[in-house]
Amino acid sequence: MAVDFGDRGGDFGHQGIDSSNQGYRYVRSPLVEPDWRRLPGWRDVAEAEWHSAQWQRAHSVKTAGQLRAVLGDLLTDRFYDDLAADRARYATMAMLVPPQMLNTMVPGAPPDDESFLADPIRRYMLPVASDRDPHWPSHPHAERDSLHEADMWVVEGLTRRYPTKALAELVATCPQYCGHCTRMDLVGTSTPQVAKTRLALRSADRQEAMLDYLKRTPSVRDVVVSGGDVANVPWPRLESFLSRLLEVESVRDIRLATKAVVGLPQHWLQPEVRAGLARVAGTAADRSVNLAVHTHANTAASVTPLVAAAARALLDAGVRDVRNQGVLMRGVNATGAELLDLCFALQDEANILPYYFYMCDMIPNAEHWRVSVAEAQELQDAIMGWLPGYATPRIVCDVPFVGKRWVHMVGEYDRELGVSTWAKKYRIEADAEDEDAGGEQHTGVYYDPIHSLPDAGRRWWAENYRSA
């Protein structure tokens with residue numbers, strides 16, 4: 001399979017086809033903050049308001065009516081009917097788009113139906129029914145909690161999928177909701193398709209249980225503090241939790257997971273947050289603990305000067321790294337050129353390290369985003385050699401019951417049926433009843449999207465499972 005480097009013409013982030021047939025030509029491109037005043041509803045929004053985290057949160061788009069108020073008559077009923085159909089039939093996440101993110105859609109001009117529908121950020125922030133796969137909107141093996149994280153809770157909200165690492169879910173909300181969210185079972189408000197799972201413990205009790213487990217379990221040295229999004233935890237509460245986490249002697253790595261560096265950079269630029277983070281980073285440095293921030297950018301257009309300023313503020317506060325964990329999605333970033341454009345915007349202009357691109361997880365109604373393992377392998381090969389080694393992101397498949405695996409680590413792979421098998425050698429608490437869990441025989445399965453299969457594979461799935 002030849003890798004599609006995409007159309008290299010157009011607006012922000014596209015560097016042009018290399019005449020020497022290299023497939024990609026690097027040209028440094030400065031970051032641009034799109035002018036929000038091109039959108040009718042924000043024509044009178046002052047710069048001070050735009051830079052306010054409070055204003056951004058208060059004016060986040062949660063309904064089609066609010067979207068109309070911002071965009072005026074730029075879009076027709078055709079788009080809004082498409083959006084309404086998606087909300088009624090497919091959406092697994094509530095609508096929540098901060099102004100910062102909406103402003104990066106069609107950044108060069110006021111949008112119309114055609115340009116808005118084609119925009120890659122719109123594709124995952126505001127999906128519409130016509131985006132979805134008409135035959136297989138969901139894979140037959142799709143699951144709400146596709147990674148079975150709740151099955152691996154050692155206490156409520158504390159997932160242990162690896163011997164030395166744990167994920168602490170402090171909150172079940174984010175400042176923005178992405179359609180492809182891997183935690184769609186838990187995060188956000190319910191949709192017509194998904195009645196969300198709810199955390200039962202009070203926040204303070206849940207945090208106490210997490211800290212108690214970590215104190216009793218010195219084999220856990222690495223804690224990802226997430227949710228949801230840590231930007232939705234009131235700063236005094238988050239600082240208190242981090243300060244207590246830093247008192248656990250066995251914890252040597254702490255990673256804060258927040259989409260808000262990209263989706264709501266104004267949050268991390270608030271003086272009280274910057275000052276608080278500097279206190280936490282100072283304590284981490286005194287105790288030789290590696291403190292990093294992980295964020296989530298999927299396209300170069302979402303990386304703006306405000307995003308770069310937020311990343312710089314985090315680094316100046318004393319965090320070791322700001323790293324990006326994107327999601328590989330068809331129609332968003334699944335060409336070599338799109339991935340490289342994003343990586344160079346992050347690395348060259350925003351001081352954000354390209355770290356991972358996850359293959360989109362097997363959640364319901366995500367088939368139109370997903371790519372096959374073979375396509376992911378080709379894309380990993382395509383981006384090798386262009387970036388410094390330390391800034392070359394790994395494309396990984398997060399395999400149910402196994403964990404993250406580089407895409408070239410696949411074991412058995414039936415390309416006709418799109419079934420891949422992946423192994424792990426270690427054992428965790430959730431494997432206690434599995435006698436084979438400690439060896440090579442403990443495996444997990446990942447399924448390619450059916451649309452990516454050859455005709456024989458598509459026929460097999462159609463004969464054995466019902467499509468839409």
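These are my notebook entries on confidence, cysteines and unusual backbone angles in a predicted model.

**Entry 1, confidence.** I began with the pLDDT, which averages 93 over the protein chain, with 93% of the residues scoring at least 70. I then looked up where the score falls off, and I noted that it stays under 50 over residues 1-13, a stretch for which the model has 33 contacts beyond four places in sequence. Over residues 436-440 the pLDDT is likewise below 50, and there I noted 15 contacts in the model beyond near neighbours in sequence.

**Entry 2, cysteines.** I next asked how many disulfides the model holds, and the count came to 0. Since a disulfide is taken here as a pair of cysteine sulfur atoms within 2.5 Å, I looked up the distances for two cysteines. For Cys343, the closest cysteine sulfur belongs to Cys178 and lies 18 Å away, so the two are too far apart for a bond. Cys397 is in no disulfide either, and the nearest cysteine sulfur, that of Cys360, is 11 Å away. I also checked whether these residues are buried or exposed: Cys343 is buried, with a relative accessible area of 0%, and Cys397 counts as buried at 0% relative accessibility.

**Entry 3, a cis peptide bond.** Turning to the backbone, I kept in mind that most peptide bonds are trans and that most residues other than glycine have a negative phi. Against that background I recorded the peptide bond from Gly227 to Gly228, which is cis, with omega near 20°. I placed Gly228 in the loop between strand 4, residues 222-226, and helix 9, residues 235-245.

**Entry 4, positive phi at Val106.** Where does Val106 lie? I found it in the loop between helix 5 (99-102) and helix 6 (113-118). The phi of Val106 is near 45°, a positive value in a residue that is not glycine. Because its relative accessible area is 12%, and the cut-off for buried is under 20%, I entered Val106 as buried.

**Entry 5, positive phi at Asn365.** My last entry concerns Asn365, another residue that is not a glycine, with a positive phi of about 60°. I located Asn365 in the loop between strand 8, which covers 353-359, and helix 15, which covers 373-383. Is Asn365 buried or exposed? With a relative accessible area of 10%, Asn365 is buried.

Methods
Residues are numbered from 1 along each chain as its sequence is written. This is a predicted model: local features need pLDDT of at least 70, side-chain atom pairs count only at pLDDT 80 or more; totals for chains, interfaces and linings use all residues. Side-chain values use heavy atoms; hydrogens and water are left out. Buried means under 20% relative accessible area, exposed over 50%, partly exposed in between (1.4 Å probe, protein chains only). Helices (H or I, at least four residues) and strands (E, at least two) are DSSP runs, numbered from the N terminus. pLDDT is the predictor's confidence in each residue, from 0 to 100. Contact means heavy atoms within 4.5 Å.
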